[in-house]
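Got the structure open in your viewer? Let's walk through it one selection at a time.

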Number of protein chains: 2
Amino acid sequence: MGIAQPQYIFGIDGGGTGCRVAICDASGKRIGEASGGPANYSTDSIGTIANVQAAVSRLAAAHSISPDDLAKSTARVGLAGILTDADATAMADALPFKRSIVSDDRETSLAGALGDANGILAAIGTGTFVAARSAETTRFFGGWGLHLSDQASGAWLGRKALRRTVLAHDGLASHSDLTQALLERTKDLTGMVAFAKDATPADYGSLARSVIQAAASGDANGLHIVKEGAAYLNACLNAVTLEGEDVICLTGGIGPHYEPYLETVFRDRVRPALGTALDGALRLAQQAFNKMEKAP
Amino acid sequence: MGIAQPQYIFGIDGGGTGCRVAICDASGKRIGEASGGPANYSTDSIGTIANVQAAVSRLAAAHSISPDDLAKSTARVGLAGILTDADATAMADALPFKRSIVSDDRETSLAGALGDANGILAAIGTGTFVAARSAETTRFFGGWGLHLSDQASGAWLGRKALRRTVLAHDGLASHSDLTQALLERTKDLTGMVAFAKDATPADYGSLARSVIQAAASGDANGLHIVKEGAAYLNACLNAVTLEGEDVICLTGGIGPHYEPYLETVFRDRVRPALGTALDGALRLAQQAFNKMEKAP
């Protein structure tokens with residue numbers, strides 16, 4: 001093996017609101033952590049590369065890790081918006097490590113939430129994906145963005161509430177406190193249409209909390225929308241065979257709020273996540289490092 | 001009344017694919033027609049003004065109508081994307097006529113389809129709106145754009161079909177010829193996500209015909225989607241009280257295809273539209289002209 005040299009293991013997690021980097025040493029001891037700017041690769045690949053590089057450099061500098069040592073290190077990177085092998089390769093090539101394994105953030109989130117156990121992660125923030133790990137395979141649902149998927153997500157809840165408001169305005173649904181409040185927020189329907197014209201998923205997501213609160217207080221439109229989101233989640237859960245001690249983790253800013261609306265058989269399996277997607281990235285990085293060390 | 005001078009009446013219709021201008025003289029005789037570039041005011045107000053002005057100038061030149069005569073003329077203008085009074089005023093101010101009455105294209109479309117009769121127009125092209133005229137009032141449904149409304153529209157059908165394809169890919173719906181064909185068209189789900197990232201309503205609408213054809217040939221996913229669109233239309237029709245000889249007109253590239261999916265009581269009232277939105281604009285312009293002539 002030659003002379004023992006410092007070897008570091010990096011876990012990196014990123015999405016539309018920011019990125020985070022954590023390091024541990026070869027013994028698995030966690031050394032430090034840094035955060036940086038937005039890192040959704042499909043929204044802004046150049047900014048994502050720059051923000052992740054900057055966070056890595058800052059963390060390396062804070063712990064006096066030299067470029068030489070970085071060049072010997074291993075990293076596991078999970079970023080929102082990594083859609084193709086070409087994306088993953090371009091991102092890996094932009095990092096200073098000996099070995100960078102890059103994917104979207106679904107596998108790292110799953111590893112963070114469940115560790116090595118089997119079960120299901122429903123990660124529901126601005127977007128939504130569901131991951132189900134069994135002895136044989138890992139199966140994913142959704143995560144393809146608001147245009148084509150992301151049912152039950154914060155952005156989906158917010159946009160559904162605006163659509164419900166239009167239906168109520170047109171007399172095809174009944175108004176409630178929720179739809180009245182949304183209409184007042186934009187003054188009138190014209191203001192709402194103007195908002196929607198340029199609204200990002202994050203803009204729609206900013207309305208999600210009021211939808212969840214409305215549902216919790218019995219508002220008919222709020223309940224209608226949240227139950228439709230829950231129906232999607234229940235459909236995902238029903239598409240999977242749960243066994244033994246399999247747990248269900250609801251994460252993200254919105255996920256835990258769905259627990260009361262899940263079918264009883266699923267509610268009984270809900271447990272807190274073991275850790276975050278950053279923890280998952282670091283965990284997978286350690287596994288990759290150990291595997292590499294054991295290789296001839 | 002002074003010396004009789006030539007007075008002209010203009011009808012103008014515009015939307016995302018183009019604009020059209022028609023003239024008649026004070027006796028109601030139709031003189032000519034011209035078409036021009038896109039005229040959706042909310043998408044591109046400057047281009048809309050320029051395209052409508054150019055079409056008017058071209059038509060005036062072709063019929064040797066002088067600027068002086070234009071300045072004595074009356075126009076009724078119906079343009080997609082006129083959302084506020086400020087939009088209507090700005091558009092009217094940009095036209096060379098003595099009097100320009102500007103609105104979105106819902107009233108002109110209704111006047112074109114029904115003439116003076118009562119009944120319902122379901123105008124379904126890339127977007128959708130429904131207008132119901134009774135003795136007392138005219139009621140509108142939808143027409144607020146794909147983000148918040150436009151159920152049953154061509155854009156809505158196309159996007160629904162892509163969403164259904166994602167559900168089938170994830171194992172939450174069954175694939176059919178329609179969803180398989182859509183997946184092949186973009187090679188894989190990543191290609192479909194890339195298409196949706198920047199897709200305009202017109203882009204989604206380009207898929208609508210294949211959805212309608214799939215439904216007509218019994219494809220389960222095509223039927224599921226078209227029936228959901230029809231459910232929205234039936235809900236609009238059920239929200240209105242139809243009387244006596246009230247007719248229902250289904251217009252636009254998509255509208256007529258919904259006839260087989262309407263409730264029987266509505267199907268029995270379906271009749272061809274009397275005319276186009278341009279005919280309606282000219283009709284309303286004549287009415288405004290006659291009213292003005294009779295005024296003291």
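Start in chain B by selecting helix H9, residues 208-216, together with helix H10, residues 220-238: their axes lie 7 Å apart and the two helices pack at an angle of about 110°. Angles of 65 to 115 degrees count as roughly perpendicular, so that is how H9(B) and H10(B) sit relative to each other. Keep in mind as you go that this is a predicted model.

Now show the side chains where these two helices touch. On the H9(B) side, pick B:Val211, B:Ile212, B:Ala214 and B:Ala215; they meet B:Gly222, B:Leu223, B:Ile225 and B:Val226 of H10(B). Colour this contact by class and you get seven nonpolar residues, one polar and no charged.

Stay in chain B for the next stop. Select helix H4, residues 105-114, and helix H12, residues 277-294: here the axes come within 6 Å and cross at roughly 95°. That crossing makes H4(B) roughly perpendicular to H12(B). From H4(B), bring up B:Glu107, B:Thr108, B:Ser109, B:Ala111 and B:Gly112; from H12(B), add B:Ala277, B:Asp279, B:Gly280, B:Ala281, B:Arg283 and B:Leu284. The class colours for the contact of H4(B) with H12(B) give four nonpolar, four polar and three charged residues.

Time to zoom out and look at both chains. How many residues does each chain bring to the contact? Chain A gives 33 residues and chain B gives 33 residues. Between them, the chains bury about 2,700 Å², with 62% of it on carbon and sulfur atoms. On chain A, click A:Trp144, A:His147 and A:Leu148: they lose the most area to chain B, together 28% of what that side buries.

Next, highlight strand E8 (138-142) and helices H5 (154-169), H7 (189-198) and H10 (220-238) of chain A, each of which supplies at least two residues of the side touching chain B. That side of chain A splits into 19 nonpolar, nine polar and five charged residues.

One last stop: look across the interface between chain A and chain B. There are eight residue pairs in polar contact there, both residues at pLDDT 80 or more, while the rule finds zero salt bridges.

Definitions and conventions: Residues are numbered from 1 along each chain as its sequence is written. Chains are lettered from A and ligands numbered from 1 in the order in which they are written. This is a predicted model: local features need pLDDT of at least 70, side-chain atom pairs count only at pLDDT 80 or more; totals for chains, interfaces and linings use all residues. Side-chain values use heavy atoms; hydrogens and water are left out. Contact means heavy atoms within 4.5 Å. Buried area is the accessible area (1.4 Å probe) that two parts lose on being put together, summed over both. A salt bridge is a side-chain nitrogen of Lys or Arg within 4 Å of a carboxyl oxygen of Asp or Glu. A polar contact is a pair of N or O atoms within 3.5 Å; within protein, one must be able to donate a hydrogen and the other to accept it, and residues adjacent in sequence count only if both atoms are side-chain atoms. Helices (H or I, at least four residues) and strands (E, at least two) are DSSP runs, numbered from the N terminus. Ala, Val, Leu, Ile, Met, Phe, Trp, Tyr, Cys and Pro count as nonpolar, Asp, Glu, Lys and Arg as charged, and the others, Gly among them, as polar. Axes are lines fitted to C-alpha atoms, for helices over the stretch in contact, and angles run from 0 to 180 degrees between N-to-C directions. Angles under 35 degrees count as roughly parallel, over 145 as roughly antiparallel, 65 to 115 as roughly perpendicular and the rest as oblique.
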